[in-house]
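Work through the exercises below with the sequence and the model at hand. Each task is followed by a solution in steps.

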Amino acid sequence: MPGGAGRTMSNRRGSTNRSDAWQREARNTGYRTRSAFKLKQIQERFGVIRRGDTVLDVGCHPGGWSQVAVEEVGEDGAVIGVDLKGCAPVDGCTFVVGDITDEGTQQRIRDALEGDILRVVVSDISPGLTGQYEMDQAISTDLVCSVFDFAYPLMGSGGVLVTKVFQGRGIEALISAANTRFSTVQRFSPDASRNSSSETYLVCRNRKEKPSKGTGTMSVQELVNRSLADDGFVIPAGESDERREAGRVGFRLVKSTSGDDE
Ligand SMILES: C[S@@+](CC[C@H](N)C(=O)[O-])C[C@H]1O[C@@H](n2cnc3c(N)ncnc32)[C@H](O)[C@@H]1O
């Protein structure tokens, strides 16, 4: 097991050695990415994907998680992958190229489903990293909110949603928003995660038939934004739409100084 030797090492070299080991393992076993082992470990621990399932893989490039999903669903299942970048074909998987936050891409995913209900959504989505952790983390949280809000209506009761998140501001609010849609929400950090301190996975199981009472019709994005606003992190009035259009949603997190920015 590649993780074994490095497991107790917490320093950077230990983590790099461990990651190299998973990379070697990926090469030896035919998976396209080291990340494939993260989904395999999530699957071993929680058994999220079953035979015959219909699975959506969000942020699927280059296709490592899709390979794992196809194996797990078997011949009677179906896997749809979506990413900004195209993937080389994987037998048993339909790829959609586009931005998951874009209505056109969302429609192409609905079309690919051909009326089927999603039982599982797996998301390893990660923005292009700028190196400024707070900004990357904020953009990642926004993307994850979009994944919840897009996928939830396409899922059936009892469904499962697994997503990568970066630890930081808004995560507790995201977990609490996820709890309005799923009965159980757990954090899990697979051994194969290189950045175990910043990256973790939310495993949300047993999709509720309807969002919990008390949340009204608020989306996950709105619930998270409301909580951030309550904590003093606000969307500057009149700016959020422009920034969203410019694809710089992470800049929305501006600490309120006067308390009356909205
Ligand atoms: C860590 S990679 C996924 C690796 C994949 N799980 C695998 O094993 O092959 C994260 C992916 O998220 C994709 N991504 C980022 N923002 C996206 C968006 N708005 N819509 C769709 N995909 C996005 C990136 O293009 C990138 O390929």
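**Exercise 1.** Locate Pro62 in the chain and describe the peptide bond that joins His61 and Pro62.

Solution. Begin with the place: in this predicted model, Pro62 sits in the loop between β1 (54-58) and α4 (64-73). Then look at the bond itself. His61 and Pro62 are joined by a cis peptide bond, with omega at about 0°.

**Exercise 2.** Determine how much of α4 is buried, and find what its buried residues pack against.

Solution. Start with the count: eight of the 10 residues of α4 are buried, so the helix is mostly covered, where buried means under 20% relative accessible area. Next, name them: Gly64, Trp65, Ser66, Gln67, Val68, Ala69, Val70 and Val73. Then turn to their partners. The buried residues of α4 pack against α3 (36-46), β1, β2 (78-83), β3 (93-97), β4 and β7. Last, step past the end of the helix: Gly74, just after α4, has a positive phi of about 70°.

**Exercise 3.** Glu114 and Asn206 are residues other than glycine with a positive phi. Place each one and decide whether it is exposed or partly exposed.

Solution. Take Glu114 to begin with. Its phi is near 50°, and its place is the loop between α5 (103-113) and β4 (118-123). Glu114 has a relative accessible area of 71%, so it counts as exposed, the limit being over 50%. Now take Asn206. Its phi is near 60°, and the residue belongs to strand β7. With a relative accessible area of 41%, Asn206 is partly exposed.

**Exercise 4.** Describe the surroundings of the ligand: the shell of residues, the polar contacts and the share of area covered.

Solution. First the shell: 20 residues surround the ligand, and the closest are Thr33, Gly64, Asp83, Asp99 and Asp124. Sort the shell by type, and it gives seven nonpolar, eight polar and five charged residues. Then list contacts with particular atoms:

- The side chain of Asp99 has an N or O atom 2.8 Å from a nitrogen atom of the ligand.
- Cys60 places a backbone N or O atom 3.3 Å from an oxygen atom of the ligand.
- Ser126 has a backbone N or O atom 3.4 Å from an oxygen atom of the ligand.

Finally the area: on its own the ligand has 610 Å² of accessible area, and the protein covers 89% of that.

**Exercise 5.** Describe how α6 and α8 are packed, and identify what the buried residues of α7 pack against.

Solution. Two numbers are needed, because a pair of packed helices is described by the angle and the distance between the axes. For α6 (residues 133-151) and α8 (residues 220-230), the axes come within 8 Å and cross at roughly 140°. From α6, Asp142, Cys145, Ser146, Phe148 and Asp149 meet Val220, Gln221 and Val224 of α8. The residues of this contact are four nonpolar, two polar and two charged. Now go to α7 (residues 171-179), whose buried residues are Ile171, Ala173, Leu174, Ile175, Ala177 and Ala178. These pack against α6 and α8, and also against β5 (155-166), β6 (182-188) and β7 (199-207).

**Exercise 6.** Give the overall figures for the protein.

Solution. Count the elements: there are nine helices and nine strands. Of the 262 residues, 51% are buried. The protein exposes about 12800 Å², and carbon and sulfur atoms supply 45% of that area.

How values were computed: Residues are numbered from 1 along each chain as its sequence is written. This is a predicted model: local features need pLDDT of at least 70, side-chain atom pairs count only at pLDDT 80 or more; totals for chains, interfaces and linings use all residues. Side-chain values use heavy atoms; hydrogens and water are left out. Axes are lines fitted to C-alpha atoms, for helices over the stretch in contact, and angles run from 0 to 180 degrees between N-to-C directions. Helices (H or I, at least four residues) and strands (E, at least two) are DSSP runs, numbered from the N terminus. Contact means heavy atoms within 4.5 Å. Ala, Val, Leu, Ile, Met, Phe, Trp, Tyr, Cys and Pro count as nonpolar, Asp, Glu, Lys and Arg as charged, and the others, Gly among them, as polar. A residue is near a molecule or strand if one of its heavy atoms lies within 4 Å of it. A polar contact is a pair of N or O atoms within 3.5 Å; within protein, one must be able to donate a hydrogen and the other to accept it, and residues adjacent in sequence count only if both atoms are side-chain atoms. Accessible areas come from the Shrake-Rupley method with a 1.4 Å probe; for residues, only the protein chains shown count as cover. Buried means under 20% relative accessible area, exposed over 50%, partly exposed in between (1.4 Å probe, protein chains only).
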